[in-house]
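Okay, thanks everyone, let's get going. I'll put the structure up and then walk you through the parts I find worth a look.

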Amino acid sequence: MDIDEIKSHIIKYQEEGKKLFTTSSFQTHSIVLLHLLSRIDKTIPVYCLNTGFLFPETLAYKDQLAEEFGLNMVEIKPDIPKSLQKDSEGKLLFASDPDRCCHYNKVQPMDRLLSDYDIWINGIRRDQNANRAKMKVEEKSKFDTVRFHPMLEWTNKMIFDYIREFKLPKHPLESQGYSSIGCEPCTRKPSLEMMEREARWYGMNKTECGLHTELVSK
């Protein structure tokens, strides 16, 4: 889907009176959608799910993109403070129960957004993992919200060709060997044999935070 097709979808949603928003993980491969939206409608809110565990470099990169692209950036934080995100033995949940950690820090805050909006513009791609390969351009989510996936058919090559064409800034950790960057405790540098997201939650048999599993209606 190119920029004209994305723009056409967005205009159609707006003409129907739909409220739109997007979210971003603020990784290098995520900024193409943000740049495209900045060329279409800068007023669409861009939400940062600030879990409290993001790399400082990610937060600095977020601020840089907001300024350079003129984005309507909004931060949203979890309801449950980190001091209470512990298991029965006192361990922080990212170490003992990463699914519950993601639920508190990502899924629950997203629930609040979905109850307020009609269209969630989401940048997932089929080539990122097996779960995302099954997605459609439009999927139902909670509260009758529709997930719109304009980047679904884009490939890594298309992403980085676009970044090169428009000279977009890269995430500062990419030069240090990181490819898929999430929360600091659950992100590691990948080996050459790993797929893009396999360095997230390494060794935990987990490749999704719940936003693309719990918040899709089947």
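Before anything else, one bit of vocabulary: when I say two residues touch, or are in contact, I mean heavy atoms within 4.5 Å. And keep in mind that what's on the screen is a predicted model.

So let me use that word right away, on Thr145. Thr145 sits in the loop between β5 and β6. Is Thr145 buried or exposed? Its relative accessibility is 0%, so it counts as buried. Who's around it? If we skip residues up to four places away in sequence, Thr145 touches Leu114, Tyr117, Asp118, Ile119, Trp120, Glu139 and Lys140. One of those gets a polar contact as well: the Thr145 side chain reaches the backbone oxygen of Tyr117 at 3.2 Å.

That loop takes us to the sheet. It's an open sheet of 6 strands with mixed pairing, and the order is β3-β2-β1-β4-β6-β5. Which strands stand at the edges? Those are β3, residues 72-76, and β5, residues 138-140; each has a single partner strand, so one side of each has no neighbour in the sheet. As for the twist, neighbouring strands are turned by 30 degrees against each other on average, ignoring direction.

Let me zoom in on the β5 edge. β5 and β6, which covers residues 146-148, run antiparallel and are joined by 3 bridges. If you want to find one on the screen, look for Lys140, whose bridge partner in β6 is Val146. On the helix side, α5 packs on the sheet and touches β1 (20-23), β2, β3 and β4. The direction of α5 makes about 165 degrees with that of β1.

Okay, now the inside. The largest nonpolar core has 34 residues, and Ile10, Val32 and Ile121 are the ones with the most contacts inside it. Several elements each supply at least two residues to this core: α1 (3-15), α2 (31-40), β2 (45-49), α3 (56-69), α5, β4 (119-121) and α7. Which of them gives the most? That's α2, with 7 residues.

Take Ile10 as an example. Not counting residues up to four places away in sequence, Ile10 touches Leu20, Leu37, Ile40, Ile44, Ile121 and Phe148. And there's another core lying apart from this one, with 9 residues, including Phe21, Tyr47, Leu113 and Tyr117.

Next, the cysteines. UniProt, in an unreviewed entry, has a "binding site" feature at Cys101, Cys102, Cys183 and Cys186. Now, those span 86 residues in sequence, but no two of their C-alpha atoms are more than 10.8 Å apart, so they gather at one spot.

Let's look at two of them. Cys101 is in helix α5, residues 98-114, and it's buried, at 8% relative accessibility. Past its sequence neighbours up to four places away, Cys101 touches Phe53, Gln85, Leu93 and Phe94. Cys183, on the other hand, is in the segment after α7, which is 156-166. Cys183 is buried too, with a relative accessible area of 15%. Leaving out neighbours within four places in sequence, Cys183 is in contact with Thr51, Phe53, Leu54, Phe55 and Lys106. So if you're clicking around, Phe53 turns up in the contacts of Cys101 and again in those of Cys183.

In that same stretch after α7 you'll also find Tyr178. Tyr178 has a relative accessible area of 16%, so it falls under the 20% cut-off and counts as buried. Tyr178 and Gln27 are 151 residues apart in sequence, while their C-alpha atoms are 9.9 Å apart.

Two charged residues to finish. Lys62 is in helix α3, and where would you expect its side of things, buried or exposed? It's buried, with a relative accessible area of 6%. With neighbours within four places set aside, Lys62 is in contact with Phe26, Cys48, Met73 and Glu75.

The other one is Asp41, in the loop between α2 and β2. Asp41 is buried as well, at a relative accessible area of 18%. Asp41 and Lys7 are 34 residues apart along the chain and 8.7 Å apart in space, C-alpha to C-alpha.

That's my tour. Happy to spin the model around for anyone who wants another look.

Note on methods: Residues numbered from 1 in each chain as written. Predicted model: local features only at pLDDT ≥ 70, side-chain atom pairs only at ≥ 80, totals over all residues. Heavy atoms only, no water. UniProt positions renumbered as here; feature names shortened; annotations may be inferred. Helix = DSSP H or I, 4+ residues; strand = E, 2+ residues; numbered from the N terminus. Buried < 20%, exposed > 50% of the residue type's maximum accessible area, 1.4 Å probe, protein only. Core = buried A, V, L, I, M, F, W, Y, C linked by side-chain atoms within 4.5 Å. Pairing = 2+ DSSP bridges. Axes fitted to C-alpha atoms, helices over the stretch in contact; angles between N-to-C directions. Polar contact = N/O pair within 3.5 Å; in protein donor to acceptor, adjacent residues only side chain to side chain.
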